[in-house]
Amino acid sequence: MYTATATGPDGHTHLCVTNETRCTWEDLHCGETYNVTVTANDSRCTSPRSNTTYIHMAPCVPQAVMPTLDCDTGVAILNWASSTGAETYNVSAHNGAGHTLQFSTNVTNGFLSNLLCGKTYLITVRALNRQCSSAPSSPADMWSVPCVPQTVVSALDCVSNSALVQWNISQGAESYLVVATGTDGQTTKCNATATQCNLQALHCSTSYNISVIAVKQQCNTSKSSTVQTKTAPCVPAHVQGSVDCASKNVSMSWNQSVGAVSYSAVAQGDAGYASVCNSTGTACVFSDLLCGMNYSLSVSASDGTCVTAPSQPLVLSTVPCKAQNVSVQMSCSANTAVVTWEPSDRVISHIVRAIGSDGHGINCTSSNDSCILTSMHCGQNYNVTVAALDGACDSSNVLIVLQSGGVIQINFFLLSFLAPCAPSNILSSLICTTQNYGVVSVSWGQANGGQSYVAGAVSADGHSSSCNSSTTSCDLQGLHCGQIYNVSVFSLANGCQSVKSGVSQVQTAPCPPQNVSTQVQCTLGSVQVSWSPAVNADQFRVALVANSTGVISSCNSTGTQCSVNNLPCNERFNLSVVAVRGSCQSQPSSSLIASAPCAPQGVNGTIDCITNSAWVSWNENSGAESYTVLAVGDDGDNSNCSTTNTTCSVPDLGCGKSYNFTVTASNTACQSTPSTSFQLETAPCALSSIVAVANCHSSVIQVQWQRAQIGSSLYIATAEGQDRSLLSCNSSASSCNLTNVQCGMEYTIIVAASSNRCSSLRSPPYKISTAPCQPTAVEAHTECQTNNVFVSWQSSYVAREYALTVVGRSGDRLTNRTADSNFTLTDLRCGNTYYLSVSASHENCTSVPSPNITFNTMPCKPANLTLGVHCGNRSASLSWTGTVGAVSYVGLAQSDNGTTIYCHSTNTSCSLQGLVCGMVYNFTVKASDGICNSSYSDSLIGGAAPCPPAGFRAVPRQLSNDTQILRASWFAGNCPNSEYLLQVNGGILGNAQALFEVASYWTSRTFFEIPLPCGSSYNATIRARNFAGSSVESTAVSGTTVPCAPVNVTYSAATTVAWNASIYATNYTVYGVTFSGRTRLCMTSQLLCSVGNISSGHIVVTASNSAGASEDSLPVLGEYLNIERTTLI
């Protein structure tokens, strides 16, 4: 019996027991190599294992085959899991039509190209090694890109301007996308699952490139070749018509329709009469139209294939009569015109027609003596005709030419200007250079009627800027950094302003980085620069420019810090940090920094026996701002000194000791490594302590000592000041006086035997300070923003405290103390003059005060501000009470939309020009002394109210039931959103007890009618108002109504008619009234007249004046009638 053992790489075993000399395992793992040994055994013994042999299993079947199609290239990207035991892989792709693609690879991915379009492929992968091949993987299916659609054709529907697109079926396509791109940039699409699609809403007069895209799931790259289709012409636009009443011809014009080769214009009359005019141009003249009719004019265009629908009808009428005294009043803001004329007899109505230079036509009809043309196009010249109608076209028209900007009467021609149009195509771009960080260039399209332009920009933070130009561009200056501005443009012409254009947005350059700080890492030779986060910046650039070499070191960061390394010692750098967005960078945030100083060189020193100090010197170090000398004694005792020079005296060294000296250099950021050290020994110790005494302002110091038991009998006292000046005195006793002592000094004094300064026979040093000197270089600077005053002076070496004495012009007095050589004075009165002195003190001694200096605080804010707004010239006058110390003033008016107007004056009044009517302003003023500005005065709110309207008149009209209509009219004001109020007051029949006062309501119309009793006198006024306020009353128009009918009419036998007077009458008329009619008998200014014998009928009397004639008096019967004998009195 035999036992075969197969051992896998992970130690697992498979056994096979057999009586034969071969064996089969059914459970071995794919892709593994097994060690095989065999043993023979009987019922008692087992042989040793045979020699090992190896079995290499076939690779495992590849798993997780994942195909992915790249729609743009048509290439399949394949990935699968690695197979154990595989050395290479074979990949096969088959479609149902017999097309096969294969490749081999030693990695677990690959590419299949040259796939046929519109096919589904089954993909399998086999793993191979040197002995075996695995079974194929489970097949993965994948479709290729759909085929490109072929034979694309289109057919146009002229009526609907739609195109039916058809094509052949495309293999592999699930749906189709049809795309039509017009020459005007418009794109129209439709989707279909069949082989045709209808493109709707195509633009007229446009050529389209049409292509079809086959779509399969996410793949839509199979695009056909393009076909061209041209749509029907557009319906003619801006159709205009005019009537020439002299020739009875009607002219018609329209804009050209792109692609049209001919036009057909139709004039359709009210009675059904129609006339047709064909033209290859853009105008037609109808010469056969009937007069006195309304005609509907329309036009259609044809390109030889398609005919458009008719244009919107334009209605015109013929007008017979010529109007008189025609005038026009334009409204710039509303683009309207009020046309007025003198009333004429036998006229039914008037028609006003206006044809603009852009083809725009408008008309209005009125049975009164005025008509309003509305919705006129801005910036256009209008030909306007006014004609009166009485049922026949037998009159001439009055021609009015309305142009952009004003009104001029020239014979029968009236030249008038409309407001200019708003500019279009607003473009704004940032000028981002090292010289211009806050400048935006604005350009726009020429506006019809525009003579000049104003461009304005407003940011989210409320800041605004504007620029003026007579061309189509200008630059906005002084814009804030890091802001998005809304830019718009107005056009101007002869005092008229257009509506605001569309808005263009522009973003200014980033703001300079803020709170830039540096941290020099001295030991690493680098500097870390940091700053606050900033908006609107993509990254930041840091640059260090070495002062001595010009070498630039830099770093970039998208965060808030970065580091520059490898800085040389002893170097100063100009640091700049800029914020960058795209190609635009901010202004730099700059500062100066220095690297660590180099270690000082050339260090040496000597012992000063007098002061028991060491005088140390070294070579100058260009990178150092100060130096520190450290002396360390052999017993650990140490002393040091610091200086900004290249020498320093190390004080207070112990006598009889050895010291090691080193020098380090420092700047604001770093300290150098110590210099090479050197040693000095101090003088030996000897004399006991000494005492020095000085009075505060004395020039003498008395030095006292205890005489030594041995040594010379002559002692020398030596004093050395901090400036190394020397004083000395000698005595054989135990004291002497040092003379010529200076103020502000600290003296170090020793006493030694004569000619033995560094011997052991010397005292330890003694220090004493004299009184401080009078402070010098006293300066005072007023801080305009806070009204604080910064005071500085030359510091004193010995002073421990300074006293400032401030006395105001009005006698107020302040005293302040400080240990520094500067001080900030607060809570000072504005507009005051102060006198300042400074004294220094040390212990019990105080210096003489410095000479007085004079300074002024900022001016006080102006008071008692008064305001006067003048509607006539759109200005405002400001006046105020002057403030002490002011040399000039600035007045300003700020509107709600942020617009600000300024005026400057050296007096206590000024005038602000250019107020916008209807706007409310905040008025204030501030003072300046040439250096500082005061705070703003208390503000006043005022509005630019309109003036009383011009052209005001009041005319009595028709009379009914002893009541006469008073018709008042006026010109529209030039302020937007104006309303008007008519007020009438007067008396009835001259009775002081019968007074009346009546008013209209506020109205936007330019006329109003009020009924008044007969025999009344009146005064009429008009006022205007808008959001900014109300005007004053206009100059009054006075007059009287018609008289009331005469009363107490009598007819005597002597053929005389008499009556009572009617108040305000200037004439009377007597009429005889019979069944056959009414006959005037006499007219007189008296109260009676002779009319002869009247045999039948009756008599009535009327009173009249300039306002008209009264109604009839009560009738009086007559007996005889003899008209021929009527006498006029």
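Where is the place of Ser-205? Ser-205 sits in the loop between E16 and strand E17, which covers 207–216. I'll come back to that residue in a minute. Before that, one caution: what you see above is a predicted model.

Okay, the whole protein. The count is zero helices and 97 strands. For 1129 residues, a compact globule would have a radius of gyration near 32 Å, but this protein has 55 Å. If you take the C-alpha trace along its principal axes, the spans are about 170 × 135 × 55 Å. Buried residues make up 43% of the 1129. The accessible surface comes to about 55600 Å², and carbon and sulfur atoms hold 49% of that. On contacts: of those with a separation of 6 or more, 57% are between residues 24 or more positions apart.

Now let's zoom in on a sheet. Here three strands form an open sheet in the order E12-E13-E16, and the pairing is antiparallel. At the edges you have E12, residues 153–157, and E16, residues 196–199, and each of them pairs on one side only. From one strand to the next the twist averages 20 degrees. Look at strand E13, residues 162–166: four bridges connect E13 with E16 in the antiparallel sense. If you want a spot to find on screen, take Val-165, whose bridge partner in E16 is Cys-197.

Follow the chain on from E16 and you're in the loop that holds Ser-205. What catches the eye there is the backbone: phi of Ser-205 is near 55 degrees, a positive value in a residue that isn't glycine. And is Ser-205 buried or exposed? It's buried, because its relative accessibility is 14% and the cut-off for buried is under 20%.

There's another sheet to show you, further along the chain. Three strands form an open sheet in the order E75-E76-E79, with antiparallel pairing. Strand E75 (863–870) and strand E79 (909–913) are the edges; each has a single partner strand, so one side of each is left without a neighbour in the sheet. The twist here averages 20 degrees from one strand to the next. Strand E76, residues 875–881, runs antiparallel to E79, and five bridges join them. One to look up is Ala-876, with Leu-912 as its bridge partner in E79.

Which loop does Arg-874 lie in? That would be the loop between E75 and E76. Arg-874 has a positive phi too, about 55 degrees, although it is not a glycine. Arg-874 is partly exposed, with a relative accessible area of 32%.

Quick stop at E74, residues 853–856. A reminder: in a regular strand the side chains alternate between the two faces of the sheet. In E74, Ile-853 and Phe-855 make up the covered face, while Thr-854 and Asn-856 are on the uncovered one. E74 pairs with strand E72, residues 833–842, antiparallel and over four bridges. In that pairing, Thr-833 stands opposite Asn-856.

On to the aromatics. How many aromatic pairs does the structure hold? There are 16. In one of them, the rings of Trp-444 and Tyr-453 have centres 5.3 Å apart and planes at 55 degrees, so the pair is tilted. Both Trp-444 and Tyr-453 are buried. Then there's Trp-618 with Tyr-627, also a tilted pair: 5.1 Å centre to centre, 55 degrees between the planes. Trp-618 and Tyr-627 are buried as well. Elsewhere, ring pairs link Tyr-659, Phe-661 and Phe-678 into a cluster.

Last residue for today: Asn-737, in strand E64, residues 735–738. At 42% relative accessibility, Asn-737 counts as partly exposed. What does Asn-737 touch, leaving aside its neighbours within four places in sequence? It is in contact with Val-700, Ile-701, Gln-702 and Cys-729. For a sense of scale, go from Asn-737 to Ala-455: they are 282 residues apart along the chain, and their C-alpha atoms are separated by 85 Å.

That's my tour. If you open the model yourselves, try Ser-205, with its positive phi, and then Arg-874 in the loop between E75 and E76.

Note on methods. Residues are numbered from 1 along each chain as its sequence is written. This is a predicted model: local features need pLDDT of at least 70, side-chain atom pairs count only at pLDDT 80 or more; totals for chains, interfaces and linings use all residues. Side-chain values use heavy atoms; hydrogens and water are left out. Buried means under 20% relative accessible area, exposed over 50%, partly exposed in between (1.4 Å probe, protein chains only). Helices (H or I, at least four residues) and strands (E, at least two) are DSSP runs, numbered from the N terminus. Two strands pair if DSSP finds at least two bridges between them. Axes are lines fitted to C-alpha atoms, for helices over the stretch in contact, and angles run from 0 to 180 degrees between N-to-C directions. The radius of gyration is taken over C-alpha atoms; the globule rule is 2.2 Å times the number of residues to the power 0.38. Contact means heavy atoms within 4.5 Å. Accessible areas come from the Shrake-Rupley method with a 1.4 Å probe; for residues, only the protein chains shown count as cover. Rings of Phe, Tyr and Trp (its six-membered ring) pair if their centres lie within 6.5 Å; planes under 30 degrees apart count as stacked, over 60 as edge-to-face and the rest as tilted.
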